[in-house]
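Hi,

Here is the structure I promised to send over. Have a look at it first, and then read my notes underneath.

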Amino acid sequence: MSTELRIDANRLAARIEALGAVGAIPGGGVCRLALTDEDRAGRDLVQGWMRELGLAVSIDAIGNVVGVRLGIEPGPPVMAGSHIDTVRTGGRFDGNLGVLAGLEVIQALNDAKVVTRRPLAVAFFTNEEGARFSPDMMGSLAYVGGLPLENALATVGIDGESVGDCLKKIGYQGPAPCGQPQVHAYVELHVEQGPVLDLEGITIGAVEGVQGISWTEFTVLGLSNHAGTTPMRLRHDAGYVACAIAHEAREIARSLGGDQVATVGAINLSPNLVNVIANRAVFTVDLRNTGEGVLQQAERRLHAFAGEIAAAEGVTLSHRVLARFEPVSFDPAVVALVEATARRLGHSVRRLPSGAGHDAQMLARVCPAGMIFVPSVGGISHNVKEFTAASDLEAGANVLLHTLLALAN
Ligand code: GLV
Ligand code: MN
Ligand code: MN
C-alpha cells in the first residue's frame, strides 16, 4: 500500500468545503436545487477546477458537464462522476463527493505525471436529485438516450419553471451532443446515505445494484366547506383522502416487509386553513424495492386503495407518474474490481445494494458501471447533518483512483 499512488485527502476536503459553501444553509448543509442560481455558482466553481486541471470540458444541451483527460490511446474514456445538485435540505457529500473525488484523482495523476492508456473523464449530471424537476437522474438518463431531450427540456418543476428555461437562464445549455463522449466504463463514489456500513464498522461498500424507484403524484379534488357546520357524512374532503392514502402507503410497506419502503414526502392542501375542508390535495408517494415484482405489487395495492377511498368520499382522483425505474444490477466485473481494490488497499469491504437512486444506474445501460460507497454517520442523508469521516472520504477516493486506473490501463 505504501508505495501505491494516493490521493491528497486535504485537497479533497478543501474542495468539499469550498463547494459546500455555495448555497450553504444553517446546520452545515447545502441548498443547491437543480438549475437555480446556487446550482449555477456550484457549476461555475467545479467547471473552473476542471479547466485548471487541464481537462477538456464540454457541456451538452441538458447541462451535463464532462471533463476529459487524454490517454495514450484515443477512444471512449473511463468516467468517474455524480451530481452537484442537492435537495433543499441537503448535505455536503451527496453527489458532490463523487465529482470532487474524481477531480482529486485527476490531480493526483497529474502530479505523479501518470498517463493512462485510455482517457479518463469526470462528469457531473444535471438534476440527479429530482427534488425540483422529475424524474430524478434526468441528465444521466438523457445522456444514455433514455429520455428524449425535448421532453427533458419541457419538464416543469415544482415552482412552475421549465428545465429548458432554467438551463438558458443559468447559461448551462451547452453545444455538445448529449451522450458524448461514449463511455468505456463508469465508476461513482458516493456516500451510502443509509446505515449499513456505519453500523457494521465497514469502510467500503461494493455496490451490487440500485433498487427500483416508483414516484407518483396524486391530485384529489373535493369540495371546500365550513369545518364547523358540515356534517361528516356530507363531506368531500380532499385532505382526508390524501392522509388516508399516505397511511395506506405506510401500511403496504409494513405488510410487504423486506426491502419495501414508502414515503409521502410532499403534501399540499388548498386552501390550507384550520376551519375550511380542503378542496384540493396534491401529494407524492415514493415506493422502492430491490425486487421489481414486489414493487409492482405495492403499486397495485396503493392504486386500488386510492380508488376505493376516493369513491367512498365522493372526490375525484388523478395521478401522474413522476419517475419509474426498475431495479438495476451493476456489472459483476466492476463490482468485483471495487471489492478487490478495497481489499488490496487494506480496507474492510462488503457488497450491498443501494437504497438511493444514482447516475450510475443510468450509465449502466450503456457501459460496465459500478459504485463505491463510504459510510454515512448514523445513516443520515438528505439532511444537513449528513456526515462522513475524513478517513472514509480518503479511503473511498483511493479506491476510486485504483479502480479507475485498473479500468483505464
Ligand atoms: C435521489 O437521489 C433519490 O434516491 O431520491
Ligand atoms: Mn446522490
Ligand atoms: Mn440525493
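Below is what I found on the metal site, a pocket and the cysteines. Keep in mind that this is a predicted model.

Metal site first. The manganese ion (ligand 3) takes its protein donors from D94 (OD), E129 (OE, listed twice) and H382 (NE2), at 2.1 to 2.4 Å. Along the sequence, those donor residues follow the spacing D-x34-E-x252-H. D94 does double duty: D94 bridges this ion and the manganese ion (ligand 2), and the two ions lie 3.7 Å apart. D94 sits in the loop between strand 5 (78-82) and helix 3 (96-111), while H382 is in the loop between strand 16 (369-374) and helix 12, so the pair ties together parts 288 residues apart in sequence. As for accessibility, D94 counts as buried at 5%, whereas H382 is partly exposed at 41%.

Next, the second largest pocket. Its space comes to about 230 Å³. The lining has 18 residues, and R92, F93, F387, T388 and L393 lie nearest the centre. Helix 1 (9-20) and helix 12 (390-408) each supply at least two lining residues, with helix 1 giving the largest share, 6 residues. Sorted by class, the lining has 10 nonpolar, 3 polar and 5 charged residues.

Last, the cysteines. The disulfide count is 0. For C178, the nearest cysteine sulfur is that of C367, 14 Å away. C178 is partly exposed, with a relative accessible area of 26%, and C243 is also partly exposed, at 45%.

Cheers

Note on methods. Residues are numbered from 1 along each chain as its sequence is written. Chains are lettered from A and ligands numbered from 1 in the order in which they are written. This is a predicted model: local features need pLDDT of at least 70, side-chain atom pairs count only at pLDDT 80 or more; totals for chains, interfaces and linings use all residues. Side-chain values use heavy atoms; hydrogens and water are left out. A disulfide is a pair of cysteine sulfur atoms within 2.5 Å. Buried means under 20% relative accessible area, exposed over 50%, partly exposed in between (1.4 Å probe, protein chains only). On a 1 Å grid over the protein atoms alone, a cavity is a set of points where a 1.4 Å probe fits but cannot get out, and a pocket is an open set with protein on both sides within 12 Å along at least five of seven lines; lining residues have an atom within 4 Å of a point. Grid points are joined across faces, edges and corners, and a volume is the space filled by probe spheres set on the points. Helices (H or I, at least four residues) and strands (E, at least two) are DSSP runs, numbered from the N terminus. Ala, Val, Leu, Ile, Met, Phe, Trp, Tyr, Cys and Pro count as nonpolar, Asp, Glu, Lys and Arg as charged, and the others, Gly among them, as polar. Donors are N, O and S atoms within 2.8 Å of the metal (3.2 Å for Na, K and Ca); water is not among the atoms, so sites may look incomplete.
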